[in-house]
Amino acid sequence: MRFASYVGLPFEEGGRDFSGCDCWGLVRLVYQQEAGIDLPKYCETSRERIKTVVHGERQLWREIAPGDERPLDLVLLKWRPWHIGLVVRRGLMLHMKQGQSSMIEPYTSGRYGNLIEGFYRHECA
């Protein structure tokens with residue numbers, strides 16, 4: 001996986017491509033480019049609806065036990081009020097915070113360590 005090529009993309013609410021993304025747009029872009037999986041656009045998806053997206057698409061995602069996550073698994077976080085990232089490798093995620101460029105950060109420590117709601121794997125990943 002070439003996760004480094006997704007670092008530094010600009011934030012754009014509702015964005016779904018390399019010119020700008022929100023957190024779901026970044027997930028969608030990586031899945032499309034790296035796994036050939038077209039996830040729903042959910043252009044109207046706001047940060048408030050991220051949990052609904054994952055939980056509403058249960059047929060596509062299954063919950064993964066902490067410690068069993070692998071690259072491309074989703075990291076769902078309880079953060080303002082919900083946020084989503086992608087596992088790069090165990091302990092690190094690629095994500096897009098509102099108003100900032102996409103980045104890779106730890107999810108097991110620091111500001112996100114206590115905010116993990118769960119990990120989810122796409123049925124085709």
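**Note on the predicted model: serine 102, helix 1 and the sheet**

1. The side chain of serine 102 comes to 2.4 Å from the backbone oxygen of tyrosine 6. That same side chain also reaches the backbone nitrogen of leucine 9, at 2.9 Å. This is a predicted model, and both distances should be read as values computed from it.

2. Serine 102 sits in the loop between strand 6 and strand 7. Its relative accessible area is 3%, under the 20% cut-off, so serine 102 counts as buried. Leaving aside residues up to four places away in sequence, serine 102 touches Tyr6, Val7, Gly8, Leu9, Leu26, His95 and Met96. Of these, Leu26 belongs to the buried residues of helix 1.

3. On the overall layout, the protein chain holds 2 helices and 8 strands, in the sequence pattern β-β-α-α-β-β-β-β-β-β. It has 125 residues, of which 49% count as buried. Take the contacts between residues at least 6 apart in sequence: 53% of them join residues at least 24 apart.

4. An open sheet is formed by 6 strands in the order 3-8-4-5-6-7, with antiparallel pairing. Strand 3 and strand 7 (103-106) stand at the edges; each has a single partner strand, so one side of each lacks a neighbour in the sheet. On average, neighbouring strands of this sheet are turned by 40° against each other, direction ignored.

5. Strand 6 and strand 7 run antiparallel and are joined by 4 bridges. One residue pair can be named here: histidine 95 has methionine 103, in strand 7, as its bridge partner. Histidine 95 is also among the residues that serine 102 touches.

6. Helix 1 packs on the sheet, where it touches strand 3, strand 4, strand 5, strand 6 and strand 8 (116-122). The direction of helix 1 makes about 35° with that of strand 5.

7. How many of the 13 residues of helix 1 are buried? The count is 10, so helix 1 is largely enclosed by the rest of the structure. The buried residues are Cys23, Trp24, Gly25, Leu26, Val27, Arg28, Leu29, Val30, Tyr31 and Glu34. Arg28 and Glu34 are thus on the buried list as well.

8. The geometry of helix 1 (residues 23-35) can be checked by its length. At 1.5 Å a residue, its 13 residues should span 18 Å, and the end C-alpha atoms are 18 Å apart, which agrees. Aspartate 22 caps the N-terminal end of helix 1, with a side-chain oxygen 3.4 Å from the backbone nitrogen of tryptophan 24. After helix 1 comes glycine 36, with a positive phi near 65°.

9. In soluble globular proteins, nonpolar side chains tend to be buried together. The largest nonpolar core here has 26 residues, and Leu26, Val27, Val30, Tyr31, Trp61 and Leu74 have the most contacts inside it. Helix 1, strand 4, strand 5 (83-89) and strand 6 (92-95) each give two or more residues to this core. The largest share, 7 residues, comes from helix 1. Another core, of 9 residues, lies apart from it and includes Val75, Trp79, Tyr107 and Tyr112.

10. One backbone angle deserves a look. Leucine 72 has a phi near 85°, a positive value in a residue other than glycine. Leucine 72 is located in the loop between strand 3 (61-64) and strand 4 (74-77). Its relative accessibility is 4%, so leucine 72 counts as buried.

Methods. Residues are numbered from 1 along each chain as its sequence is written. This is a predicted model: local features need pLDDT of at least 70, side-chain atom pairs count only at pLDDT 80 or more; totals for chains, interfaces and linings use all residues. Side-chain values use heavy atoms; hydrogens and water are left out. Buried means under 20% relative accessible area, exposed over 50%, partly exposed in between (1.4 Å probe, protein chains only). The expected span of a helix is 1.5 Å times one less than its number of residues. A polar contact is a pair of N or O atoms within 3.5 Å; within protein, one must be able to donate a hydrogen and the other to accept it, and residues adjacent in sequence count only if both atoms are side-chain atoms. A nonpolar core is a set of buried Ala, Val, Leu, Ile, Met, Phe, Trp, Tyr and Cys residues joined through side-chain atoms within 4.5 Å. Two strands pair if DSSP finds at least two bridges between them. Axes are lines fitted to C-alpha atoms, for helices over the stretch in contact, and angles run from 0 to 180 degrees between N-to-C directions. Contact means heavy atoms within 4.5 Å.
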